[in-house]
Amino acid sequence: MKNRYIPITAIVVVLSIAAAAGFLMPPASQEVPARVVMDNSGGRVIFTHLYHTEDYGFACADCHHDEIGQDTPIACGSCHPPAFDEKFRAEHQKNFPTEEACLRCHYDTPEAPLAEEDKPDTDFIPTRADAFHGQCMSCHEEMGGPYGDDTCYECHAR
Ligand code: HEC
Ligand code: HEC
Ligand code: HEC
Ligand code: HEC
Ligand code: HEC
């Protein structure tokens, strides 16, 4: 190898190691997770968060549709729980950093007990799996990526 190639080879090696380290690092240690691991009854899904933002070129707000002025997006599951049950009713308040977020579902600064007419209509808020299936697949249908009945295992581990 000619000497003048050595610096560029060194840079490529360093960048490759940095890229591999970024990919393998646990999502929690980064502001923008590289991957999000989702355990669920359909088989674990490893969502390539960083590819979706950098390589496929989507903006944060394309998926985090409720940024509500936050630097760090609110987790989907804070608003899209597995079910709008007793547990959600009792605990959801502490998932939100600002009162502005409450107004996404409530008309006013809410306090228990809510009057019947102040209860959010959950028919229009998808639960967790519906929110993910809905968002992942509607974009894939339009832009490429797995969707539909025969692609389950392109997202889910067997
Ligand atoms: C293609 C869709 C998509 C794009 C684009 C995207 N994200 Fe995400 N992001 C997700 C999904 C899905 C999750 C998992 C959320 C969950 O499990 O509730 C997530 C999780 C996160 C989390 C962890 C949230 C938590 O508390 O668990 C952060 C932080 C985050 N994204 C930041 C960003 C930022 C900043 C951008 C833009 C640079 C971005 N995301 C772009 C879909 C996306
Ligand atoms: C602050 C609360 C909040 C957060 C955080 C949030 N959502 Fe939503 N989302 C809602 C509400 C409320 C609706 C009901 C329809 C509406 O008002 O837009 C909704 C509707 C949806 C819908 C159906 C309508 C549509 O836009 O296609 C999908 C799919 C969805 N959300 C996916 C997600 C995903 C995936 C994330 C995380 C990347 C997320 N949401 C984060 C509150 C939230
Ligand atoms: C994703 C939608 C959503 C967001 C965001 C949200 N809530 Fe709620 N909240 C609900 C639903 C659904 C209920 C249950 C209503 C019912 O009883 O049918 C509820 C109920 C409540 C109740 C009544 C609890 C009880 O014991 O009956 C209070 C208080 C409340 N929310 C406060 C808040 C506050 C404070 C915030 C913001 C920090 C907030 N909520 C954000 C959907 C939401
Ligand atoms: C805003 C659009 C958009 C959303 C939302 C989205 N994707 Fe994708 N996804 C893409 C595109 C574009 C590709 C690349 C397709 C190609 O190059 O063939 C892709 C590719 C994939 C692939 C195959 C390659 C890879 O990176 O692993 C998987 C698996 C995947 N997406 C899973 C998901 C999951 C799971 C979600 C929801 C949590 C999701 N996607 C949400 C646009 C999106
Ligand atoms: C684009 C990626 C993608 C495809 C394709 C996909 N899923 Fe999913 N699926 C997800 C994600 C993301 C979740 C939510 C994981 C979580 O809750 O953390 C999920 C959740 C589930 C759940 C758990 C539901 C619950 O309520 O706990 C089941 C079951 C499931 N999927 C079955 C299927 C089947 C069957 C197919 C094929 C017909 C399929 N999925 C196709 C991404 C995908």
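**Figure 1. Thr-122 sits in the loop between helix 6 and helix 7.** Helices are DSSP runs of H or I with at least four residues, and strands are runs of E with at least two, both numbered from the N terminus. This is a predicted model, in which local features need pLDDT of at least 70 and side-chain atom pairs count only at pLDDT 80 or more, while totals for chains, interfaces and linings use all residues. Residues are numbered from 1 along each chain as its sequence is written, chains are lettered from A and ligands numbered from 1 in the order in which they are written, and side-chain values use heavy atoms, with hydrogens and water left out. Thr-122 is partly exposed, at 34% relative accessibility. Buried means under 20% relative accessible area, exposed means over 50%, and partly exposed lies in between (1.4 Å probe, protein chains only). Phe-84 is 38 residues away from Thr-122 in sequence. In space, the two C-alpha atoms are 7.5 Å apart.

**Figure 2. Two histidines, His-49 and His-64, hold the iron atom of ligand 1.** Each is a protein donor through NE2, at 2.0 Å from the iron. Donors are N, O and S atoms within 2.8 Å of the metal (3.2 Å for Na, K and Ca); water is not among the atoms, so sites may look incomplete. The six donor atoms subtend angles of 88 to 180 degrees, so the arrangement is octahedral. Six donors count as octahedral if opposite donors are over 155 degrees apart and all others between 65 and 115. The histidine pair links distant parts of the chain, 15 residues apart. His-49 belongs to helix 2, and His-64 to the loop between helix 3 (60-63) and helix 4 (76-79). His-49 is buried, with a relative accessible area of 12%. His-64 is partly exposed, at 22%.

**Figure 3. The shell around ligand 2 has 17 residues.** A residue belongs here if one of its heavy atoms lies within 4 Å of the ligand. The closest are His-65, Cys-76, Cys-79, His-80 and Arg-104. Three side chains make polar contacts, taken as pairs of N or O atoms within 3.5 Å. Within protein, a polar contact also needs one atom able to donate a hydrogen and the other able to accept it, and residues adjacent in sequence count only if both atoms are side-chain atoms. A polar side-chain atom of His-65 lies 2.8 Å from a nitrogen atom of ligand 2. For His-80, the distance from a side-chain N or O atom to a ligand nitrogen is 2.7 Å. Arg-104 reaches an oxygen atom of ligand 2 at 2.9 Å. Helix 4 and helix 7 each supply at least two residues of the shell. By class, the shell divides into 11 nonpolar, four polar and two charged residues. Nonpolar covers Ala, Val, Leu, Ile, Met, Phe, Trp, Tyr, Cys and Pro; charged covers Asp, Glu, Lys and Arg; the others, Gly among them, are polar.

**Figure 4. His-92 and His-106 are the protein donors of the iron atom of ligand 3.** Both bind through NE2, at 2.0 Å. The site is octahedral, with angles of 88 to 179 degrees among its six donor atoms. His-92 lies in the loop between helix 5 (86-91) and helix 6 (99-102), and His-106 in the loop between helix 6 and helix 7, so the pair ties together parts 14 residues apart in sequence. His-92 is buried, at 14% relative accessibility. His-106 is also buried, with a relative accessible area of 14%.

**Figure 5. Ligand 4 has 18 residues around it.** His-52, Tyr-56, Cys-136, Cys-139 and His-140 come nearest. A side-chain N or O atom of His-52 is 2.9 Å from a nitrogen atom of the ligand. The matching distance for His-140 is 2.7 Å, again to a ligand nitrogen. Tyr-56 pairs with a ligand oxygen at 2.6 Å. Strand 2 (45-47), helix 2 (49-55), helix 7 (128-143) and helix 8 (152-155) each supply at least two shell residues. Helix 7 gives the most, with five. The shell has 11 nonpolar, six polar and one charged residues. Cys-136 is partly exposed, with a relative accessible area of 32%.

**Figure 6. His-133 and His-156 coordinate the iron atom of ligand 5.** Both use NE2, at 2.0 Å. The six donor atoms make angles of 85 to 179 degrees, and the site is octahedral. His-133 is in helix 7 and His-156 in the segment after helix 8, 23 residues apart. His-133 is partly exposed, at 42% relative accessible area. His-156 is buried, at 15%.

Technical notes. Four donors count as tetrahedral if all angles lie between 85 and 135 degrees; four count as square planar and six as octahedral if opposite donors are over 155 degrees apart and all others between 65 and 115; anything else is irregular.
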